[in-house]
Amino acid sequence: MNAPVTPTALGKPALPPTILIILYATSILLANVTLNRFIQLPVFGLLSVGTIFFAAVFTLRDRIHRAGGLKAVYIAIALALLVNTVAAAALHTPLRFIGASFLAILLGELTDTAVYQRLLHRNWWTRVLASNAVSVPLDSVSFTLLAFWGTMSHRDIAQIIFADIVTKYVIAALFAFRVRHVAVRPT
């Protein structure tokens, strides 16, 4: 079993859990503020601008796990839910989007956390890939259906779900690769 090499082990200071939690909540806030702005992909897919911000959430949560443990992850999720619900209400976001976001974050993030926790005995890559494999589609499908069902065509909803899942996987993998690459670079 490979023990993860942390930035601290390489002589680089790790970000404290508090900073990671703030970045986590901010990423979700930016995702929610831009959730109904779309980019048409060339062949198939409607990419919500919010997805670009939300993809960072998966790696940030995994880093919170490493830096502060399970309690810090639960604090991050609770803070993100609180901040985003208050911000959405202040910005007069439709209740449909507030509810969809709240439920999708709760469902996706708690599921991801549960999978990650069950795999603590495995290496970091296995934990990240397995937890994201479950939570990314769960979050994407639940949010999109709750937010847009009945207001968009089935084709558009399918395009949003497709683009959302692919983009989250790609961005999360790039973040994870970058974190892992920095961690294993020789000093």
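Here is a short chat about the core, one surface patch and a few helix residues of a predicted model.

Colleague: What should I know about the model before we start?
Modeller: It's predicted, so local features need pLDDT of at least 70 and side-chain atom pairs count only at pLDDT 80 or more, while totals for chains, interfaces and linings use all residues. Residues are numbered from 1 along each chain as its sequence is written, and side-chain values use heavy atoms, with hydrogens and water left out.

Colleague: Which helix gives the most to the largest nonpolar core?
Modeller: A nonpolar core is a set of buried Ala, Val, Leu, Ile, Met, Phe, Trp, Tyr and Cys residues joined through side-chain atoms within 4.5 Å. This one has 33 residues, and Phe54 is among those touching the most other members. Helices H1 (17-33), H2 (49-90), H3 (95-118), H4 (124-148) and H5 (154-184) each supply at least two of its residues; helices here are DSSP runs (H or I, at least four residues), numbered from the N terminus. The top contributor, with 12 residues, is H2.

Colleague: Is Ala100 buried or exposed?
Modeller: Ala100 lies in helix H3. Buried means under 20% relative accessible area, exposed over 50%, and partly exposed in between (1.4 Å probe, protein chains only). Because its relative accessible area is 2%, Ala100 is buried.

Colleague: What distance separates the C-alpha atoms of Ala100 and Leu146?
Modeller: Leaving aside neighbours within four places in sequence, Ala100 is in contact (heavy atoms within 4.5 Å) with Phe143, Leu146 and Ala147. Ala100 and Leu146 are 46 residues apart along the chain, and their C-alpha atoms are separated by 5.1 Å.

Colleague: Which residue shares a side-chain polar contact of 2.9 Å with Ser101?
Modeller: Ser101 sits in helix H3 and counts as buried because its relative accessibility is 8%. A polar contact is a pair of N or O atoms within 3.5 Å; within protein, one must be able to donate a hydrogen and the other to accept it, and residues adjacent in sequence count only if both atoms are side-chain atoms. The partner is Asn32.

Colleague: Why does Ser142 count as buried?
Modeller: Ser142 is in helix H4. Not counting residues up to four places away in sequence, Ser142 touches Ala104, Leu107 and Pro137. Ser142 counts as buried because its relative accessibility is 14%.

Colleague: How exposed is Leu23, and what is its relative accessible area?
Modeller: Leu23 belongs to helix H1. It's partly exposed, with a relative accessible area of 38%.
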